[in-house]
Amino acid sequence: MMAADLHFARPRSDWIDLTSEHLPEFPSHENETRDMEVVQDIPVVVEPMIVEGVPEFGVEQSDDLLGQNLECGDGFLKIYLKGQEVIQAYDKADYELCGKEVPHDVVSEGPRLVLVFSSGETQGLGFKARYVFETDYRVPGTPAPDGSCHFTYMSSSRKKGEFNSPRHPSNYPSEINCTYIFQAEFNEQIRLVFDHFKVKSDKVNYTGGTYGDMCQEDWIEIFNVWKDREDRLIGRYCGLTAPGPIESREGAQALKLLFHTDEEGVYSGFKARYIFFTAKSIYGECGRNVSQDHSGVLTTPNWPAPYDAPQKGEGSSTCNWYLTVRPGSRVMLHFQVFNIEGSPRDRGCPAAAVRIWEDIDGIPVELCGEKLLVDQSQYVSTRNILRVTFITADKAVGAGGFQAVWTEVQDGGSGASCHHSYYRCAKSQFCIPKELRCNGQHNCGNSDTQEMDTSDEEHCGIEGDMNIIFMIVLGAASVLSILTIFCVWAQRKRRKRRRRLQLRRPPIHVCDNAGARFAAMDSV
């Protein structure tokens, strides 16, 4: 048996003839098999055709037609609609053709279509067909006029809907770049919620999920789009790490999603929902601005009870906290308890997520899961402001929530000294305001070795007893001082009174005293 492979790349968008004549002329006495592969990163349509009323299809003598599952002899034309999935995996064809009647059209399920032709021992007429490369991404939305993978969703046309990667739930094409634009109207925001996510990241194996620069193969990126400034990246996602619910920033006019794939390997991609809604407060339903304190505690709604799913009819619930401290200081956020539904490695955070902007103008960190890794429990702002967001989607079911302590800190490491009004933490080397010492909260955070620094709350009992003793001694000394001052004052007053009495008595002459003495002697 002889075999020959032919490869047809896309030359243009017109219909192209494909016949058994493309193959080496097959003799009538020899059984030969040839493979033909039609390749392009978009689905392919193959249309058998008739020329001058004569069927240009005849492979051995059989009455089998497309889809009738009749057995062909050793002469056949097999069609594989998923030719890109596994190379040379031809055990079971989608269609096996023989006979003289022309089959109906078939459409590939991916960017490649494989045909395997065997002449058989008895020579037949062969076949002739036409194929064309169709631009069919199977993405709902308004496509670009030029046929590129670009889709627009206008609030003025539809307030909510779905979108997906090309050809989902089938695998997306390789080497493709797609753009999705969600255009809001004035005083509106946009929300995206992902219901399925599987994007190739074979080279990454990290238990904390695949985000940001870890995504170097296939990935999606999501941006806030502004009218008068550059787009702001919200995050890059890949693997099984689905993005958490995303809401556009107040004032942003659109959200933009970019989908990129490389030349190797494909997966099922993503499916998500979008909704346009009336803009919320900058703080959402449960956030606030904090700018007058040195420390505080952030918790999810209902804490210590579990947080709830959004109320019926609400698409999501959002809390935005803005923590601001004195210029020259920074904000340190340390999670003490964390339980947010989701799993960064296995499915991402599609129902609920916590986002932290260490740089208020930068890319946030995204968190979820039953427990944080040690290196994910603490964050320090780059300036004197930190933003924290907690968001839940309509499919959230609720979980334990989180409790985090935030603290105004200054860097006391590398020999730097702390201001006299600050206390230096023993392990983390942070400088924290002295009034936070022994306040019942651990404000020193973690050290460089991820060890919890509790020095600000140590020896507080002993110091308390010493303080009590000191206060008693100080009080006693104060009382004694007051008594001493009173006694001195009273003595001085008594002396002054005596002097006044002495001045009021009549003077006694010396002779009178002598006469008195003689009189006394006479009487004796």
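How many bridges join strand β14 to strand β16? I began my notebook with that one, and the count is five, with β14 (residues 150–154) and β16 (residues 177–183) running parallel. Strands here are DSSP runs of type E with at least two residues, and helices are H or I runs of at least four, numbered from the N terminus. Two strands pair if DSSP finds at least two bridges between them.

A note on the source: this is a predicted model, where local features need pLDDT of at least 70, side-chain atom pairs count only at pLDDT 80 or more, and totals for chains, interfaces and linings use all residues. Residues are numbered from 1 along each chain as its sequence is written, and side-chain values use heavy atoms, leaving out hydrogens and water.

Next I looked across from tyrosine 153 and found phenylalanine 182 of β16 opposite. I then traced the open sheet: six strands, ordered β13-β14-β16-β21-β18-β19, with mixed pairing. Its edge strands are β13 (142–143) and β19 (232–237), each pairing on one side only.

Then I turned to the interior. The largest nonpolar core (buried Ala, Val, Leu, Ile, Met, Phe, Trp, Tyr and Cys joined through side-chain atoms within 4.5 Å; buried means under 20% relative accessible area, with a 1.4 Å probe and protein chains only) has 63 residues. Tyr180 and Phe335 have the most contacts inside that core. I also noted a second, separate core of twelve residues, including Leu18 and Phe133.

Last, I checked helix α1 (residues 460–504), where valine 479 is found. Valine 479 counts as partly exposed (between 20% and 50%) because its relative accessibility is 47%.
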